[in-house]
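The following report describes one protein chain and its ligand, moving from the ligand site to selected residues and then to the chain as a whole.

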Amino acid sequence: MTGVPLRLYNSLSRQIEAFVPIDPANVRLYSCGPTVYNYAHIGNLRAYVFTDTLSRVLTWKGYPLTHVINITDVGHLTSDADAGDDKMEAAARAQAKSIWDVAAHYTEAFKQNIADLNIRAPSRWSVATDHIDDMIAFATQIAPAHCYELDSGLYFDVTTVPNYGALAGGQDDAAAGRIEAVEGKRHPQDFAIWRKSGTHENRQMEWESPWGRGAPGWHLECSVMSKKYLGDQFDIHTGGIDHREIHHPNEIAQNQAHCECAETGANWWMHNNFLVERSGKMSKSAGGFTTLKSLVDKGVHPLAYRLMCLSAHYRSELEFSGEGLAAALTRLKRLVMAVSTLRDRAAADAAAPSKGNAAPYFERLDEAVSDDLNTPKALPVLDEMLADKKLSPAVRLAALADFDAVLGLDLGRLTREDLRIAPAGATLTPQQIAGRLAERRDARAARDFARSDAVRDDLAAAGVEVMDGDPLGWDWKLAL
Ligand code: AMP
Ligand code: ZN
């Protein structure tokens, strides 16, 4: 691997460490995927912009990659504290639908979000309910030495593995809440491996097991599927910062029980920080949350949201606001305009000899992203490269491919027209707007200001803001 050595923050050591792959010819990465009982909110999607950045950086730096993302369609309860209802069962009941239809619908919606954000599909999507037999086999193996049975199911005894919860860094705020949740648990942090269907329960998804009819606990699926597709010890496991406290410590405990060793299952555990809204933590289960579609309905291109994510370091909390998103959209427009100008100039000057060397920019890009994926530091390098007159337009356009490969902003393809998304409530098409703007220009040329103001007011009533003298030459924008 040439270039700057890659350094990544490891939640296990709480330090940035030099990345050393187990097999440089096949880096193995597992990302905890969505629970498909509802649409993803934009906070969830931040987690996959992060894993995509990681995967793009690894690939760009020359590491072949196997990436697995799971789809959780069973077992995730309404509370991480092992209590409450299965989120999938609850959603199916509330919508009076088959649970399989609910899962299929939200899985497709999630994959569409991923594609819209130019997040590359993983090598494998791994669906939890396709792996029930594997989960039962895994649980059967670890049960004698590590589990105990209660009326409600099979539980993992966290004192049977070394140093339980080390990943969470000893914080155990949730523990107090975790003991009352289930009658008979030996320790607050013990968790369900298999949950028996209650006699009064009417589950749509349930399977026979050595511990009775029921369903697997949520943590089991990730240990089982990561091991199956990536091996006992692979390179990197990712998830949102909330997973550092319960889900991932529980996966680690299961992995240690399975190997009867102290290995955690992955050399790096990496976590993205949360996207937060002033109104409070985003919550898929609380409803009324922001989806990617709701941004597009306001006329915002999905890649503006991707750019917003890249503008913050993945380990920093990112506050979501309309102003922040509008700023990201303006930044994206500026980039698209810069590329489009370069294209025009390169075409006009096709015979000119290529001039300059973009290598110093690649080095700076490499330095930024190799420093624990510092995308906020990489973005100004892109701006500078595009504006560098010492490089001919063709050289700058060629260099753009590397920035696109790493940042995934698709600038080699995006056009001004792509960014003109009519909001869901728009009453005018872009062509109609262009017509009215021409009318307004004619009125102004004829010094008929009453007429030109009337056109501007009409457009404003349709949610179109006219931007006279806009330095980007954008003419108009849709009011967010
Ligand atoms: P879920 O669909 O709830 O299982 O979550 C999918 C992913 O989104 C997990 O990796 C979560 O840790 C992550 N996540 C949940 N909420 C947020 C948020 N507000 N910001 C960033 N990541 C989040
Ligand atoms: Zn997981």
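Which N or O atom, in the side chain of which residue, is 2.9 Å from an oxygen atom of ligand 1? The partner is in the side chain of Thr35, where an N or O atom is 2.9 Å from that ligand oxygen.

This is a predicted model, in which local features need pLDDT of at least 70 and side-chain atom pairs count only at pLDDT 80 or more, while totals for chains, interfaces and linings use all residues. Residues are numbered from 1 along each chain as its sequence is written, chains are lettered from A and ligands numbered from 1 in the order in which they are written, and side-chain values use heavy atoms, with hydrogens and water left out.

**The ligand site**

Thr35 is one of three residues with a listed polar contact to the ligand, a polar contact being a pair of N or O atoms within 3.5 Å; within protein, one must be able to donate a hydrogen and the other to accept it, and residues adjacent in sequence count only if both atoms are side-chain atoms.

| Residue | Protein atom | Ligand 1 atom | Distance |
|---|---|---|---|
| Thr35 | side-chain N or O | oxygen | 2.9 Å |
| Gly43 | polar backbone atom | nitrogen | 3.1 Å |
| Asn44 | polar side-chain atom | oxygen | 3.2 Å |

Taken alone, ligand 1 exposes 500 Å², and the protein buries 95% of that; accessible areas come from the Shrake-Rupley method with a 1.4 Å probe, and for residues only the protein chains shown count as cover. The shell around ligand 1 holds 18 residues, the closest being Thr35, Gly43, Asp242, Leu275 and Lys284, where a residue belongs if one of its heavy atoms lies within 4 Å of the ligand. Helix H1 (42–60) and strand S12 (234–240) each supply at least two residues of this shell, and H1 gives the most, with four residues. Here helices (H or I, at least four residues) and strands (E, at least two) are DSSP runs, numbered from the N terminus.

**Three buried residues**

Met88 is placed in helix H2 (residues 87–95) and counts as buried because its relative accessible area is 0%, the term meaning under 20%, with exposed over 50% and partly exposed in between (1.4 Å probe, protein chains only). Neighbours within four places in sequence aside, Met88 is in contact (heavy atoms within 4.5 Å) with Val36, Tyr37, Thr72, Asp73, Val74, Ile99, Val102 and Ala103. One of these partners, Asp73, is 15 residues from Met88 along the chain, and their C-alpha atoms are separated by 6.6 Å.

Asn250, in helix H7 (residues 247–259), is likewise buried, since its relative accessibility is 0%. With neighbours within four places again left aside, Asn250 touches Tyr164, Gln189, Phe191 and His219.

Ala266 is found in strand S13 (residues 266–272) and is buried at 1% relative accessibility. Its contacts beyond four places in sequence are Leu12, Gln233, Phe234, Asp235, Ile236 and His237. By contrast with these contacts, the C-alpha atoms of Ala266 and Glu367, 101 residues apart along the chain, are separated by 25 Å.

**The chain as a whole**

The protein chain contains 16 helices and 18 strands, and its C-alpha atoms fill a box of roughly 85 × 55 × 35 Å, taken along the principal axes. Of its 480 residues, 52% count as buried, and the accessible surface comes to about 20,400 Å², of which 51% belongs to carbon and sulfur atoms. Among contacts with a separation of 6 or more, 76% join residues 24 or more positions apart.
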